[in-house]
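Please look at the sequence and the model below. The text that follows goes through charged side chains that pair with one another.

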Amino acid sequence: MTDRHSIRHRALGAITALVLVPLTACTADSAAGAAEAAAGDDPPSVIAPGRPGEEARTLSPEEAGKAAEELRDEPVAADFAFMEMMAVHHAQALEMTALAERYADHERVRGLAGRISVAQEPEIAVMEAWLEEHADSPARPDDHGDHGAGGHDHHDHSDMPGMATPEQLADLEGARGAEFDRLFLDLMIVHHEGAVVMSADVLAQTGDMAVRELAAEIAAQQNAEIGRMRNLREDL
């Protein structure tokens, strides 16, 4: 349990550092725009944090805008890996929530499973649409056909962070009542922790704004659900 908490803390630290930068920049831009309109001063420059080991750069508003557009238009290999693998990751979560709808004993467990399903189904659609939109990108790895939400049934993805093994899924399918509820929560907590780690990884590498926003949303949402699931697990 200590190792798992350590992974979560490292992942959340990376998410905080990477997600708050654009939010701070947006706030600064808004404030600068208001000041410029009121006082007629020249717009201030923007500080762009460098990657690890690199110094920060000072950009003009025009340069910052151009850099933001480049981020939206130039995905990197890590973006494709994240979108493809997270679609598979979400697909397994839906498989588990479908079992909960049938076999969960506690009303709160069924409600949690329903919320996870409602959130992750449209996210899979977003990932698949993004992959289709960027199908011709030179950054897309040549082996992309081996991943993705459709056609992944014949692959073993149990080495992906948080993924349940076939044996664990079989145990879940065979469990009933309170035993099912406890096992479902145990597996889904680990599953969500894996998604947080994957999101932190891509946030440290991404070149695409849509991927950045989706990864940040997944990390925030699933980390909140981890807390709720831990509380529910203690109550069972």
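In this predicted model, E84 and R140 form a salt bridge, with their closest N and O atoms 3.5 Å apart. E84 belongs to helix α3, which spans residues 77-103, while R140 sits in the loop between α4 (107-133) and α5 (166-174), so the salt bridge ties together parts that are 56 residues apart in sequence. E84 is buried, at a relative accessible area of 3%. R140 has a relative accessible area of 15%, and because buried means under 20%, R140 counts as buried too.

The structure holds 4 salt bridges. Side chains of opposite charge can pair when their charged atoms come close.

Another of these pairs is D186 with R233, where the distance from N to O is 2.9 Å. This pair links distant parts of the chain, 47 residues apart: D186 is in helix α6 (residues 177-203) and R233 is in helix α7 (residues 209-235). D186 is partly exposed, with a relative accessible area of 34%. R233 is partly exposed as well, its value being 25%.

Helices α6 and α7 also hold the partners of a further salt bridge. Here E193 pairs with R230, and the closest N and O atoms are 2.7 Å apart. E193 lies in α6 and R230 in α7, so this contact ties together parts that are 37 residues apart in sequence. Is E193 buried or exposed? E193 is buried, with a relative accessible area of 5%.

Notes:
Residues are numbered from 1 along each chain as its sequence is written. This is a predicted model: local features need pLDDT of at least 70, side-chain atom pairs count only at pLDDT 80 or more; totals for chains, interfaces and linings use all residues. Side-chain values use heavy atoms; hydrogens and water are left out. A salt bridge is a side-chain nitrogen of Lys or Arg within 4 Å of a carboxyl oxygen of Asp or Glu. Helices (H or I, at least four residues) and strands (E, at least two) are DSSP runs, numbered from the N terminus. Buried means under 20% relative accessible area, exposed over 50%, partly exposed in between (1.4 Å probe, protein chains only).
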